[in-house]
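Student: I'm new to this structure and would love some help finding my way around. Please pick one part and take me through it closely, step by step.

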Amino acid sequence: MAAEADLDRVPRLDDALLSVRGVETGYGDLQVLRGVDLDVRAEEIVLVFGPNGAGKSTLMRAIYRLLPLWAGTVTVGGTDVSAVETDDLVDYGVGYVPQTENVFPNLTVSENLDIGGAAVSGSKRRRAELYDLFPRLEERLEQRASTLSGGERQMLAMARALMADPDVLLVDEPSAGLAPQLVDRAFDHVQRVREEGTAVLMVEQNVRAALGVADRGYVLDMGENRFEGPADELLASDAVRDLYLGRRDD
């Protein structure tokens, strides 16, 4: 296990698919992120966690250009996408599943998928692949999204974002609002997305469960990097557990 001090350092990975460097942003005059660095390798699950108000969801919005970058850069596959508009990020292999308002509730499952694949060639083939990943959706094609269960709606949100076959998927709170018995299934879906070849950057409050499927994690605190390391080392760290996880008997 790495020394505790090693988790304080945030290395820059040369083989990263998604790289965030020195990102600063906020809301109005309120600065939230203060020089955040982050990397995600191809086919890797990376978790971002930390206390409320740390800037986790703000980071996702900044990467997806829903917030302006006050400073810093975002690159995907070595290409600087810092100035790319949100609607064009799909062309650079980036998908996004926000925590809320992530489906069109008045449209059917099929219509939601149509929107996700509107700019994609071979959408019929892609649908078939996603039915293999989320078989429940194929059973609900003509059902309005508003009538789906929480777990089904989360599946649809992920499937809609995956219609474009992104290289990296940003997922904000995949287990939020789900019944306890469905939480493990949500993380199973995240794992399957990675197994299908898509890297995942995930924000999640259920940190212990999320670290169980993640490869690495970043801890944000007050809009800055605090710790980074392999998921198992973060979970075993006394400092991380005391500050962010709460100590429990092993």
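**A close look**

Tutor: Let's start with one residue: setting aside its neighbours within four places in sequence, serine 110 is in contact with Arg127, Leu141 and Glu142, where contact means heavy atoms within 4.5 Å. Before going on, please note that this is a predicted model, in which local features need pLDDT of at least 70 and side-chain atom pairs count only at pLDDT 80 or more, while totals for chains, interfaces and linings use all residues. Residues are numbered from 1 along each chain as its sequence is written, and side-chain values use heavy atoms, leaving out hydrogens and water.

Serine 110 counts as buried because its relative accessibility is 14%; buried means under 20% relative accessible area, exposed over 50%, and partly exposed in between, with a 1.4 Å probe and protein chains only. Serine 110 sits in helix α2. Helices (H or I, at least four residues) and strands (E, at least two) are DSSP runs, numbered from the N terminus.

Helix α2 covers residues 109-116, and its buried residues are Val109, Ser110, Asn112, Leu113 and Gly116. Looking down the axis of α2, these buried residues fall within an arc of 160°, so they line one face of the helix; the arc is that of the directions from the helix axis to the C-beta atoms. The cover over them includes α3 (123-133), α4 (135-138) and α5.

Leu113 leads us further inside. Leu113 is among the residues with the most contacts inside the largest nonpolar core, alongside Leu47, Phe49, Phe134, Leu156, Leu169 and Met202, and that core has 44 residues. Helix α5 (residues 150-162) gives the largest share of this core, 7 residues. A nonpolar core is a set of buried Ala, Val, Leu, Ile, Met, Phe, Trp, Tyr and Cys residues joined through side-chain atoms within 4.5 Å. In soluble globular proteins, nonpolar side chains tend to be buried together.

Met202, also on that list, takes us to strand β8 (residues 199-203), where 5 of 5 residues are buried. Ala199, Leu201 and Val203 point one way from β8, whereas Val200 and Met202 point the other way. Strand β8 pairs in the parallel sense with β3 (residues 45-49) over 4 bridges and with β7 (residues 168-172) over 5 bridges; two strands pair if DSSP finds at least two bridges between them.
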